[in-house]
Amino acid sequence: MKVMKSEWHQVESQYVIDLDENLLSEIYPECDDEEIEEKMKALEKGELDIEDVLDDAYVQDVEIDWDHEYDDWWTSRKGGYDVTFKIVS
């Protein structure tokens with residue numbers, strides 16, 4: 001009989017981009033400089049949802065080049081995870 005042990009880890013990986021007026025201009029090519037500046041201010045105030053902007057980037061086929069910032073994959077394996085067992089044969 002084979003028994004499978006699964007360890008369920010909750011991990012986080014963080015990535016960052018530098019979202020500036022140039023990138024917003026690529027996402028919103030129909031906007032002039034003033035409108036781009038308004039969008040930046042709206043993002044900073046939380047009046048414009050960043051997920052909507054990223055969705056718009058996808059629609060416009062603008063590639064977002066994320067930089068790896070941090071992850072906790074190693075530390076999560078030191079404990080604090082669930083373990084399940086299942087008979088597989």
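What does the protein chain average in pLDDT? The protein chain averages 85, and 89% of the residues score at least 70, where pLDDT is the predictor's confidence in each residue, from 0 to 100. This is a predicted model, in which local features need pLDDT of at least 70 and side-chain atom pairs count only at pLDDT 80 or more, while totals for chains, interfaces and linings use all residues. Residues are numbered from 1 along each chain as its sequence is written, and side-chain values use heavy atoms, with hydrogens and water left out. Confidence is highest in α1, at 96, and lowest in helix α4 (residues 73-76), at a mean of 59.

Let us start with the overall layout. The protein chain has four helices and four strands; these are DSSP runs numbered from the N terminus, with helices being H or I of at least four residues and strands being E of at least two. Read from the N terminus, the order of the elements is β-β-α-α-α-β-α-β. Of the 89 residues in the protein chain, 17% count as buried, a word that here means under 20% relative accessible area, with exposed meaning over 50% and partly exposed in between (1.4 Å probe, protein chains only). If you take the contacts between residues at least 6 apart in sequence, 77% of them join residues at least 24 apart; contact means heavy atoms within 4.5 Å.

One place to see the two ends of the chain together is valine 3, in strand β1 (residues 3-8). The C-alpha atoms of valine 3 and valine 88 are separated by 5.8 Å, although their positions lie 85 residues apart along the chain. Setting aside neighbours within four places in sequence, valine 3 is in contact with Phe85, Lys86 and Ile87. Valine 3 is nonetheless exposed, with a relative accessible area of 53%.

Now to helix α2, residues 33-45. At 1.5 Å a residue, its 13 residues should span 18 Å, and its end C-alpha atoms are 19 Å apart, which agrees; the expected span is 1.5 Å times one less than the number of residues. Which residues of α2 are buried? They are Ile36, Met40, Ala42 and Leu43. Seen down the axis of α2, these buried residues fall within an arc of 165°, so they line one face of the helix; the arc is that of the directions from the helix axis to the C-beta atoms. The buried residues of α2 pack against α1 (21-27) and α3 (50-59). On the face turned away from the buried side you will find the exposed residues Glu34, Glu44 and Lys45.

Helix α2 also holds the two partners of a salt bridge, lysine 41 and glutamate 37, which lie four residues apart, about one turn of the helix. An α-helix has 3.6 residues a turn, so residues three or four places apart point the same way. Their side chains meet at 3.5 Å, N to O, and the structure holds one salt bridge, defined as a side-chain nitrogen of Lys or Arg within 4 Å of a carboxyl oxygen of Asp or Glu. Lysine 41 counts as partly exposed at 45% relative accessibility, and glutamate 37 is partly exposed at 41%.

Two C-alpha distances help to place α1 beside this helix. Glutamate 37 and leucine 24, 13 residues apart along the chain, are separated by 9.1 Å. Asparagine 22, found in helix α1, is 8.9 Å from isoleucine 36, at 14 residues apart in sequence. Asparagine 22 counts as exposed, at 58% relative accessibility.

The helix ends are worth a look too. At the start of α2, a side-chain oxygen of aspartate 32 reaches to within 3.1 Å of the backbone nitrogen of glutamate 34. At the start of α3, a side-chain oxygen of aspartate 49 reaches to within 2.9 Å of the backbone nitrogen of glutamate 51. After α2 comes glycine 46, whose phi is positive, near 80°.

What follows α3? It is aspartate 61, with a positive phi near 60°. Most residues other than glycine have a negative phi. Aspartate 61 lies in the loop between α3 and β3 (67-71), and is exposed, with a relative accessible area of 69%.

Conventions: Polar contact = N/O pair within 3.5 Å; in protein donor to acceptor, adjacent residues only side chain to side chain.
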